[in-house]
Each structure stands twice: as structure tokens, then as C-alpha cells.
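Work through the exercises below with the sequence and the model side by side, and try each task before reading its solution.

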Amino acid sequence: NKLFEIVVVSSGAERAKKLAEQAMELIKSCLPWESEEPNTIMTSYKGFYLQISISDVHPLIVFCFVRAIPENSELSLERVNEVNLLGILGCHCINLEAGCYTYRTVTWLESELSRARLVEILDRCIEDAVKGYINLLS
């Protein structure tokens, strides 16, 4: 029984690692990335700084969109909570000390990532991020 459990866990970890490697290669071929760390790339995307991280332990991709908040913007944590209640796909945050807005979402990698699926995810994310940013500043 224990030998079987070890094999199953190892098989899942190997699958996650292969999905992560394939996804990262596809993302790097589709986006003009600026810098790279292990399992992470940074780039600009439609007016946002974008960090994409992929777990090679769990089949996950994390998208983090960041944009500066204009000086003298009046933002409140209550407004952030309101914006988060309206969204269902990601999390909207502000960092008043750093002066930035962040939209973060996580997507499961159930199979190999295709170019079409990547574009679909990015389009959905950027739509949510732009809405959140505008709602926070309005």
C-alpha cells in the first residue's frame, strides 16, 4: 500500500512539472518577457506590469497584474472590499505605501496550455483588472 501511494504522488508531481515546463515555454514564446526567475516571468501587458508564476509542484499558474495608482488618489480599504465582492475570478488589492493596484488570479493547469487558452485567460484577466482599477479610482 505505501509503495503504491509513493508512486501515485510521484506520478502527480511529474505530471505537474511537465505541465509547468510546457506552459512556461509557451508563455515565453507568446509574450515579450522582460525578466525571468525560476518558474516566473515578468513583462508588460496592456498597461499593466505582469508577473506570471507557474508551480511545478501543483498544476497552477498565478497571474499578477500591477499598475501604479495616480498620486493624490483617494482610496479606501472599504472600496477595495466592495470591488472584491463584485468580482469572482481574482483578488483586487491596493498598496498605499507602494502606490500600486494589484489584480491576482490563479488558474489550474488541467492539461497542456494552448496559445488560444493563454489568450483567453489573459483577456479575461485584463478585463477584470481594468474594471477593478477603474472602479477603485472612480
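## Exercise 1: The lining of the largest pocket

The largest share of the lining of the largest pocket comes from α3, which gives 6 residues. This is read from a predicted model.

**Task.** Describe the largest pocket by its space, its lining residues and their classes.

**Solution.** Begin with the space, which is about 170 Å³ in the largest pocket. Next, find the lining in the sequence: V83, L86, G87, I88, L89, H92, R124, E127, D128, K131, G132 and N135. The elements that give two or more residues to this lining are α2 and α3. Finally, sort the lining by class, which yields 4 nonpolar, 4 polar and 4 charged residues.

## Exercise 2: Two helices that pack

**Task.** Determine at what angle α2 and α3 pack, and which residues meet where they do so.

**Solution.** Two packed helices are described by the angle between their axes and the distance between the axes. Helix α2 covers residues 77-86 and helix α3 covers residues 115-137, and the two pack at an angle of about 145° with their axes 10 Å apart. As a second step, take the handedness: the crossing in which α2 passes α3 is right-handed. Then look at the residues themselves, where R79, V80 and V83 of α2 meet G132, N135 and L136 of α3. Counted by class, this contact of α2 with α3 has 3 nonpolar, 2 polar and 1 charged residues.

## Exercise 3: The sheet and its edges

**Task.** Work out the order of the strands in the sheet, and explain why one side of β1 and one side of β5 are left without a neighbour there.

**Solution.** Start from the order, in which 6 strands form an open sheet as β1-β2-β3-β4-β6-β5, with antiparallel pairing. Strands β1 (35-37) and β5 (91-95) stand at the edges and each has a single partner strand, so one side of each is left without a neighbour in the sheet. Neighbouring strands of this sheet are turned against each other by 20° on average, direction ignored. For one pair in detail, take β4 (residues 60-68) and β6 (residues 100-108), which pair in the antiparallel sense over 9 bridges; C64 stands opposite R104 in β6.

## Exercise 4: Putting the elements together

**Task.** Give the run of elements from the N terminus on, and say which strands α3 lies across.

**Solution.** The protein has 3 helices and 6 strands, and from the N terminus on its elements run α-β-β-β-β-α-β-β-α. Now place α3, which lies across β2 (40-45), β3 (48-54), β4, β5 and β6, running at about 150° to β6. To close, the C-alpha trace of the protein spans about 60 × 35 × 25 Å along its principal axes.

Notes: Residues are numbered from 1 along each chain as its sequence is written. This is a predicted model: local features need pLDDT of at least 70, side-chain atom pairs count only at pLDDT 80 or more; totals for chains, interfaces and linings use all residues. Side-chain values use heavy atoms; hydrogens and water are left out. Axes are lines fitted to C-alpha atoms, for helices over the stretch in contact, and angles run from 0 to 180 degrees between N-to-C directions. Helices (H or I, at least four residues) and strands (E, at least two) are DSSP runs, numbered from the N terminus. A crossing is left-handed if the near helix is turned anticlockwise from the far one by less than a right angle, and right-handed if clockwise. Contact means heavy atoms within 4.5 Å. Ala, Val, Leu, Ile, Met, Phe, Trp, Tyr, Cys and Pro count as nonpolar, Asp, Glu, Lys and Arg as charged, and the others, Gly among them, as polar. On a 1 Å grid over the protein atoms alone, a cavity is a set of points where a 1.4 Å probe fits but cannot get out, and a pocket is an open set with protein on both sides within 12 Å along at least five of seven lines; lining residues have an atom within 4 Å of a point. Grid points are joined across faces, edges and corners, and a volume is the space filled by probe spheres set on the points. Two strands pair if DSSP finds at least two bridges between them.
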